Amino acid sequence: MTEDEAVDDELLTIGAFAARARLSAKALRLYDRLGLLPPAEVDEVSGYRYYRAAQIERARLVALLRQLDMPLARVAEVVEAPSGAVAAVRLDAYWADVEARVAGQRTLAEYLRGRLSGRSSEMYGRFVVETVDVPGQVVIGETRHVLAGELPAWIGASLGRLESAARECGGITGPPFVVYHSEVSMESDGPAESCVPVADEAAARAWAERHGRTWETKVRVESAQRLAYTRITKAQVAHPQILAAFEAVEEWIAREGLEQTGPCREVYFADWEAAGAQDPVCDVAFPVR
């Protein structure tokens, strides 16, 4: 055994190891419970924990990752990576998520600054609100309690399932849409309902009978109705820009003396994947009379 190997194999008490690793004993006990940094040995009689000097680098890495506010589960993914290159890729993926979240929060702060400073009318003025009469239609729908962070992925997946199912229901007769039966935010989970209009009500009900329990699907007939709506781009669908669009429509409805007759919705009339950031893709709408 070389001198360096002997040093690495040296057993240290938890206090000595904590001092060398620049961590507290409390943090080491937490990392042990979570399986991130178990001690090299534990005295069966006294329960004392002993660490090897070779574990210092891992301990410092865990501490540094925690300084990035990295959740412990993701810390484990990095420190357990089979190589440094894989660990770096996992760190990059986490940091990309952080930057995306901060960018969203920055946009939300700007939106709130506009509201708090009395510039709401300026923000709403960016949206053109119109009305459209929609005929009655049969829709197949999938309902889910979902938080804001989960919403984009669920909308894409659920509309994909419903559009595939529409082939068994006479085909699609109109643009798909999402109805918000209650608020969806970071704390409120709706529910939201993805909907696809279809041609054959009997076939749709037969399909729902086969798949309803699996996907929480149902069939309903929507009566003809008038929608007040504003058209937005793919970039504006992102939170919180879309909040301003909803509020602009609500403000217009009140100003015109109309009455909301149902929950708000997003109507997706364009190919999402093919659309660019500035391409119109969605109508933010409220049923009115």
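Helix H10 (residues 241–255) lies across five strands: S4, S6, S9 (225–233), S10 and S11 (280–288). Its direction runs at about 35 degrees to that of S11. This is a predicted model. The average pLDDT of the protein is 89. Two open sheets are described here, one of eight strands and one of three strands.

**The eight-stranded sheet**

- The strand order is S4-S9-S11-S10-S6-S7-S5-S8, and the pairing is antiparallel.
- Strand S4 (129–134) and strand S8 (217–222) stand at the edges. Each has a single partner strand, so one side of each is left without a neighbour in the sheet.
- On average, neighbouring strands of this sheet are turned by 30 degrees against each other, direction ignored.
- Strand S6 (residues 177–180) pairs with strand S7 (residues 192–198) over four bridges, in the antiparallel sense.
- Look for Tyr180: its bridge partner in S7 is Ala192.
- Helix H8 (residues 151–165) packs on this sheet. H8 touches strand S5 (137–144), S6, S7 and S10. The direction of H8 makes about 25 degrees with that of S7.

**The three-stranded sheet**

- This open sheet has the order S1-S3-S2, again with antiparallel pairing.
- Its edge strands are S1 (11–13) and S2 (41–42), and each pairs on one side only.
- Strands S2 and S3 (residues 49–52) run antiparallel and are joined by two bridges.
- Glu41 stands opposite Tyr50 in S3.
- Helix H2 packs on the sheet and touches S1 and S3. The direction of H2 makes about 95 degrees with that of S1.
- As a general point, strands of a sheet pair through backbone hydrogen bonds, either parallel or antiparallel.

**Helix H2 against helix H3**

- The axes of H2 and H3 (residues 25–33) come within 9 Å and cross at roughly 100 degrees.
- Angles from 65 to 115 degrees count as roughly perpendicular. H2 and H3 are therefore roughly perpendicular to each other.
- On the H2 side, the contact involves Ile14, Phe17 and Ala18. On the H3 side, Ala25, Leu28 and Arg29 meet them.
- By class, the residues of this contact divide into five nonpolar, no polar and one charged.

**Helix H2 against helix H4**

- The axes of H2 (residues 14–21) and H4 (residues 56–67) also come within 9 Å, and cross at roughly 60 degrees.
- H2 and H4 are therefore oblique to each other.
- The crossing of H2 and H4 is right-handed.
- Phe17, Arg20 and Ala21 in H2 meet Ile56, Ala59 and Arg60 in H4.
- The contact of H2 with H4 has four nonpolar, no polar and two charged residues.
- Phe17 of H2 takes part in the contact with H3 and in the contact with H4.

**How far to trust the model**

- In the protein, 95% of the residues score a pLDDT of at least 70.
- Confidence is highest in strand S10 (residues 265–268), at a mean of 98.
- Confidence is lowest in helix H1 (residues 3–8), at a mean of 49.
- Over residues 3–7 the pLDDT is below 50. Beyond near neighbours in sequence, this stretch has two contacts in the model.
- Where pLDDT is low, the predicted coordinates should not be read in detail.

Technical notes:
Residues numbered from 1 in each chain as written. Predicted model: local features only at pLDDT ≥ 70, side-chain atom pairs only at ≥ 80, totals over all residues. Heavy atoms only, no water. Axes fitted to C-alpha atoms, helices over the stretch in contact; angles between N-to-C directions. Parallel < 35°, antiparallel > 145°, perpendicular 65-115°, else oblique. Left-handed = near helix turned anticlockwise from the far one by under 90°. Contact = heavy atoms within 4.5 Å. Nonpolar A, V, L, I, M, F, W, Y, C, P; charged D, E, K, R; others polar. Pairing = 2+ DSSP bridges. pLDDT = per-residue confidence, 0-100.
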